[in-house]
Amino acid sequence: MTRYSIFSLARNALTGHKNWPQAWRSPEPKPEYDVIIIGAGGHGLGTAYYLAKNHGITNIAVLEKGWLGGGNTGRNTTIVRANYERTENELFYEHSLKLWETMSQDLNFNVMFSQRGVINLAHSDAQVDAFQRRGNAMILNGSDAMLLNPAEIKARAPHLDCSADARFPIKGGLLQPRGGTARHDGVAWGYARAADARGVDIIQNCEVTGLDISNGQITGVQTTRGAIKAKKVGIAVAGHTGHLATMAGMRLPIESHVLQAMVSEPVKPCLDTVITSGAVHCYISQSDKGELVMGGDLDFYNSYAQRGNFPRIEDVVSSVITMFPSFSRLRLMRTWGGVMDMSMDGSPIISKTPTKGFYINGGWCYGGFKATPGSAWVFAHTIANDEPHELNGQYRLERFQQGHMIDEHGAGPTPGAH
Ligand SMILES: Cc1cc2nc3c(=O)[nH]c(=O)nc-3n(C[C@H](O)[C@H](O)[C@H](O)COP(=O)(O)OP(=O)(O)OC[C@H]3O[C@@H](n4cnc5c(N)ncnc54)[C@H](O)[C@@H]3O)c2cc1C
């Protein structure tokens with residue numbers, strides 16, 4: 001609420017909310033654009049914004065089959081962190097974290113970025129050693145990290161069972177103090193408004209059904225609202241990356257899976273940091289509305305459905321209440337699912353493709369929300385220059401053919417998580 005006073009809020013409430021200015025336009029598609037971005041999640045909208053802001057390209061359309069932010073951007077558990085051991089990953093995610101720190105000011109939209117810290121729990125001495133190594137690597141790469149002992153963890157999360165006879169004994173934890181959470185759909189709205197203000201056309205209810213390619217060069221897209229020509233096309237469609245790539249004749253090393261999340265009823269503030277446990281397979285934080293936000297592992301079957309099944313919900317909730325026994329008194333309020341594009345090495349793809357003018361941003365697995373600004377920044381660079389930015393050269397598509405995997409499975413909230 002940076003542009004409107006409390007008085008305008010009251011005035012609009014009393015006049016039936018009919019006089020708010022539009023945050024972005026709803027234009028008809030033009031016959032041709034310089035760049036089309038497919039997918040109006042945070043990555044797609046952010047890419048359009050940085051193409052306009054950093055590269056001066058404004059004749060852009062973002063095409064969205066549903067409503068903007070209705071994909072994984074509006075479905076995630078909002079954890080933002082940069083706690084990787086591999087240098088190439090850490091430099092990329094640290095760049096992203098820095099952009100998070102200035103995002104609200106840059107977009108003039110409060111994305112409620114809250115640096116409440118992210119703690120990865122260690123349940124064995126070996127895990128403490130591994131976290132020490134990772135923390136040192138993070139610091140060497142210019143990020144922040146602290147190794148906590150059990151007493152320090154207990155002081156930050158008093159409801160966590162840190163007792164000696166806990167079902168999952170807590171031996172320590174790796175804290176990234178600058179990590180935290182953000183308002184996920186606010187990120188989509190902020191980028192949408194800022195991109196629209198720079199002339200970008202955001203076209204919702206417009207599904208891309210085909211790609212036009214002639215002599216190895218992209219020439220446009222087929223959509224449910226007709227054909228649109230374009231010199232360059234980038235996709236940022238999360239769980240549908242494999243599907244869109246098939247339209248260009250490519251078979252990607254990606255699988256689509258369901259990931260669920262859930263929230264408790266809202267309660268007074270009781271957890272002011274993010275707690276994750278890879279060994280126990282769960283993570284938890286408290287939203288600004290007071291709900292406890294929880295997640296765990298994939299449902300582990302391929303699907304394009306934005307919903308999951310009860311066994312995973314039961315698994316996550318039982319893990320959480322084993323670690324936080326007093327939370328067993330809360331009721332579960334809501335659950336939902338999103339479609340994840342799981343890459344084979346757990347790292348994303350931000351890359352040119354064999355089709356000239358066609359670019360891919362995907363393979364984000366469990367962790368693409370935190371990457372949103374960094375990913376959009378380097379994807380815009382890649383599209384504008386037809387060359388990768390120095391931070392995303394390693395995420396090229398050919399790495400799967402050449403064997404240059406960036407395998408950092410295990411650096412996420414759950415063991416398989418990215
Ligand atoms: C339950 C859950 C919890 C998660 N928790 C975290 C977390 O805590 N931290 C974290 O960093 N990440 C998390 N993630 C991952 C993160 O949400 C995603 O990686 C990220 O939001 C992807 O953003 P995006 O913009 O690429 O995709 P999306 O937001 O999914 O946007 C893609 C858009 O493309 C559109 N689209 C698809 N096909 C077409 C087509 N043919 N034509 C036009 N439009 C199309 C879709 O409708 C969608 O709106 C989580 C994901 C889920 C599901």
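Two residues are in contact if their C-beta atoms, placed from the backbone, lie within 7 Å. With that in hand, here are some exercises to work through. The model is predicted: local features need pLDDT of at least 70, side-chain atom pairs count only at pLDDT 80 or more, and totals for chains, interfaces and linings use all residues. Residues are numbered from 1 along each chain as its sequence is written.

**Exercise 1. Place glutamate 207 and list what it touches.**

Step 1: Start with the secondary structure, where helices (H or I, at least four residues) and strands (E, at least two) are DSSP runs numbered from the N terminus. Glutamate 207 sits in the loop between strand E8 (201-203) and strand E9 (208-214).

Step 2: Look for contacts, not counting residues up to four places away in sequence; glutamate 207 touches Lys65, Thr223 and Thr224.

Step 3: Check the environment. A residue is buried if 20 or more other C-beta atoms lie within 10 Å of its own, exposed if 12 or fewer, and partly exposed in between, with C-beta atoms placed from the backbone. Glutamate 207 has 13 other C-beta atoms within 10 Å, so it is partly exposed.

Step 4: Compare sequence with space: glutamate 207 and leucine 63 are 144 residues apart in sequence, yet 7.0 Å apart from C-alpha to C-alpha.

**Exercise 2. Describe the chain as a whole: its elements, its compactness and its contacts.**

Step 1: Count the elements; the chain has ten helices and 18 strands.

Step 2: Test the compactness with the radius of gyration, taken over C-alpha atoms, against the globule rule of 2.2 Å times the number of residues to the power 0.38. The radius is 21 Å and the rule gives 22 Å for 418 residues, so the chain is as compact as a globular protein of that length.

Step 3: Add the burial: 50% of the 418 residues count as buried.

Step 4: Turn to the contacts between residues at least 6 apart in sequence; 75% of these join residues at least 24 apart.

**Exercise 3. Which residues and elements surround the ligand?**

Step 1: Take as near any residue whose C-beta atom, placed from the backbone, lies within 6 Å of the molecule. The ligand is surrounded by 39 residues, and the closest are Gly39, Gly41, Gly71, Gly338 and Gly368.

Step 2: Assign them to elements. Helix H2 (42-55), strand E12 (254-264) and strand E16 (332-343) are the ones that give two or more residues to the shell.

Step 3: Sort by chemistry, with Ala, Val, Leu, Ile, Met, Phe, Trp, Tyr, Cys and Pro as nonpolar, Asp, Glu, Lys and Arg as charged, and the others, Gly among them, as polar. The shell then divides into 15 nonpolar, 19 polar and five charged residues.

**Exercise 4. Is E12 enclosed or open, and which strands pair with it?**

Step 1: Nine of the eleven residues of E12 are buried, so the strand is largely enclosed by the rest of the structure.

Step 2: Two strands pair if DSSP finds at least two bridges between them. E12 and E16 run antiparallel, joined by eleven bridges; within this pair, serine 256 stands opposite aspartate 341 of E16.

Step 3: E12 also pairs with strand E15 (residues 292-302) in the antiparallel sense, over five bridges. There, valine 263 has valine 293 as its bridge partner.

**Exercise 5. Work out the burial and pairing of E4.**

Step 1: Five of the five residues of E4 are buried. Val118, Asn120 and Ala122 point one way, and Ile119 and Leu121 the other.

Step 2: E4 pairs with strand E6 (residues 172-176) in the antiparallel sense over five bridges, where asparagine 120 partners leucine 174.

Step 3: The pairing of E4 with strand E13 (residues 274-277) is parallel, over three bridges, with isoleucine 119 bridged to isoleucine 275.

**Exercise 6. Where do asparagine 108 and alanine 238 lie, and are they buried or exposed?**

Step 1: Asparagine 108 is in the loop between helix H3 (87-107) and E4 (118-122). Although not a glycine, asparagine 108 has a positive phi of about 50 degrees. It is exposed, because 12 other C-beta atoms lie within 10 Å.

Step 2: Alanine 238 is in the loop between strand E11 (226-235) and helix H7 (241-246), with a positive phi near 45 degrees. Alanine 238 counts as buried, because it has 25 C-beta neighbours inside 10 Å.
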